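Here's a quick briefing to read alongside the model. Have the sequence and the 3D view open, and click along as you go.

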Amino acid sequence: VVLLPLLLALSVALEAGACIAAKWLFVGRLMPGSYPLWGPDYFRWLFNRHLVEKVRDRVSELVSGTPLLAAFYRALGAEIGARVDLNDPELEEPDLIFIGDDVEVNHARLS
């Protein structure tokens with residue numbers, strides 16, 4: 001019974017690491033712009049969106065409100081300043097997000 005929280009934390013950490021690795025290996029950095037529907041950039045965006053969406057919820061449940069959530073989004077490409085408190089935000093496209101220093105974000109959907 002004592003090991004269950006540790007196993008959950010370990011599985012979420014491995015999932016987050018796999019998400020970050022897959023994002024950078026298969027998608028890279030997404031840039032703002034206008035892209036044709038059904039083109040390669042569209043499928044890169046779609047893969048990234050689904051990948052981040054599935055992992056984000058589980059990571060956020062465990063580390064919301066801690067510096068670890070900001071570190072997770074930074075690893076996905078978001079530019080997040082110092083002393084930022086993220087309480088369960090839904091960042092859809094981390095590559096396109098910029099949050100300055102000394103900011104608190106509560107239950108917001110940023111895309």
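Before we start, a word on labels: helices and strands here are DSSP runs, numbered from the N terminus, with at least four residues for a helix and at least two for a strand. Keep in mind that this is a predicted model. With that naming in hand, α1 turns out to give the most to the lining of the second largest pocket, with five residues.

**The second largest pocket**

- Its volume comes to about 160 Å³.
- Three helices each put at least two residues into this lining: α1 (3-27), α2 (40-63) and α3 (67-75).
- If you want to select the lining, pick Ala9, Val12, Ala13, Ala16, Ile20, Val59, Leu62, Val63, Leu68, Ala71 and Phe72.
- What classes of residue make up the lining of the second largest pocket? Eleven are nonpolar, with no polar and no charged residues.

**The largest pocket**

- The largest pocket has a volume of about 270 Å³. Its lining counts 17 residues, and the closest to the centre are Leu30, Met31, Tyr35, Asp41 and Trp45.
- By class, this lining is a mix of ten nonpolar, two polar and five charged residues.

**Helix α2**

- How does the length of α2 square with its 24 residues? At 1.5 Å a residue they should span 34 Å, and the end C-alpha atoms sit 33 Å apart, which agrees.
- There's a bend in α2 of about 30°, at arginine 56.
- Arginine 56 is also on the list of buried residues in α2, along with Tyr42, Asn48, Leu51, Val52, Val55, Val59, Ser60 and Val63.
- Two of those names, Val59 and Val63, turn up again in the lining of the second largest pocket.

**Polar contacts with a buried partner**

- Glutamate 93 sits in the loop between β3 (90-91) and β4 (98-99). Is glutamate 93 buried or exposed? Its relative accessibility is 8%, so glutamate 93 counts as buried.
- The side chain of glutamate 93 makes a polar contact of 3.1 Å with the side chain of arginine 49.
- Asparagine 87 belongs to strand β2 (residues 85-87). With a relative accessible area of 18%, asparagine 87 is buried, since the cut-off for buried is under 20%.
- The side chains of asparagine 87 and asparagine 106 are joined by a polar contact of 2.8 Å.

**Positive phi without glycine**

- Tryptophan 38 isn't a glycine, yet it has a positive phi of about 70°. You'll find tryptophan 38 in the loop between α1 and α2, and at 57% relative accessibility it counts as exposed.
- Arginine 83 also isn't a glycine, and its phi is positive at about 55°. Arginine 83 lies in the loop between β1 (79-80) and β2.
- Why does arginine 83 count as exposed? Its relative accessible area is 59%, and exposed means over 50%.

**Sequence distance and spatial distance**

- Leucine 86 is a residue of strand β2. It is buried, with a relative accessible area of 1%.
- From leucine 86 to aspartate 101 you count 15 residues in sequence, and the C-alpha atoms are 12 Å apart in space.
- Aspartate 101 is in the loop between β4 and β5 (104-106). At 45% relative accessibility, aspartate 101 counts as partly exposed.
- How far apart are the C-alpha atoms of aspartate 101 and alanine 82? They are separated by 4.8 Å, although the two residues are 19 residues apart along the chain.
- Aspartate 88 is located in the loop between β2 and β3. Its relative accessible area of 32% makes aspartate 88 partly exposed.
- Aspartate 88 pairs up with leucine 62 for one more distance check: they are 26 residues apart along the chain, with their C-alpha atoms 9.9 Å apart. Leucine 62 is also one of the lining residues of the second largest pocket.

Methods: Residues are numbered from 1 along each chain as its sequence is written. This is a predicted model: local features need pLDDT of at least 70, side-chain atom pairs count only at pLDDT 80 or more; totals for chains, interfaces and linings use all residues. Side-chain values use heavy atoms; hydrogens and water are left out. On a 1 Å grid over the protein atoms alone, a cavity is a set of points where a 1.4 Å probe fits but cannot get out, and a pocket is an open set with protein on both sides within 12 Å along at least five of seven lines; lining residues have an atom within 4 Å of a point. Grid points are joined across faces, edges and corners, and a volume is the space filled by probe spheres set on the points. Ala, Val, Leu, Ile, Met, Phe, Trp, Tyr, Cys and Pro count as nonpolar, Asp, Glu, Lys and Arg as charged, and the others, Gly among them, as polar. Buried means under 20% relative accessible area, exposed over 50%, partly exposed in between (1.4 Å probe, protein chains only). A polar contact is a pair of N or O atoms within 3.5 Å; within protein, one must be able to donate a hydrogen and the other to accept it, and residues adjacent in sequence count only if both atoms are side-chain atoms. The expected span of a helix is 1.5 Å times one less than its number of residues. The bend at a residue is the angle between axes fitted to the seven residues ending there and the seven starting there.
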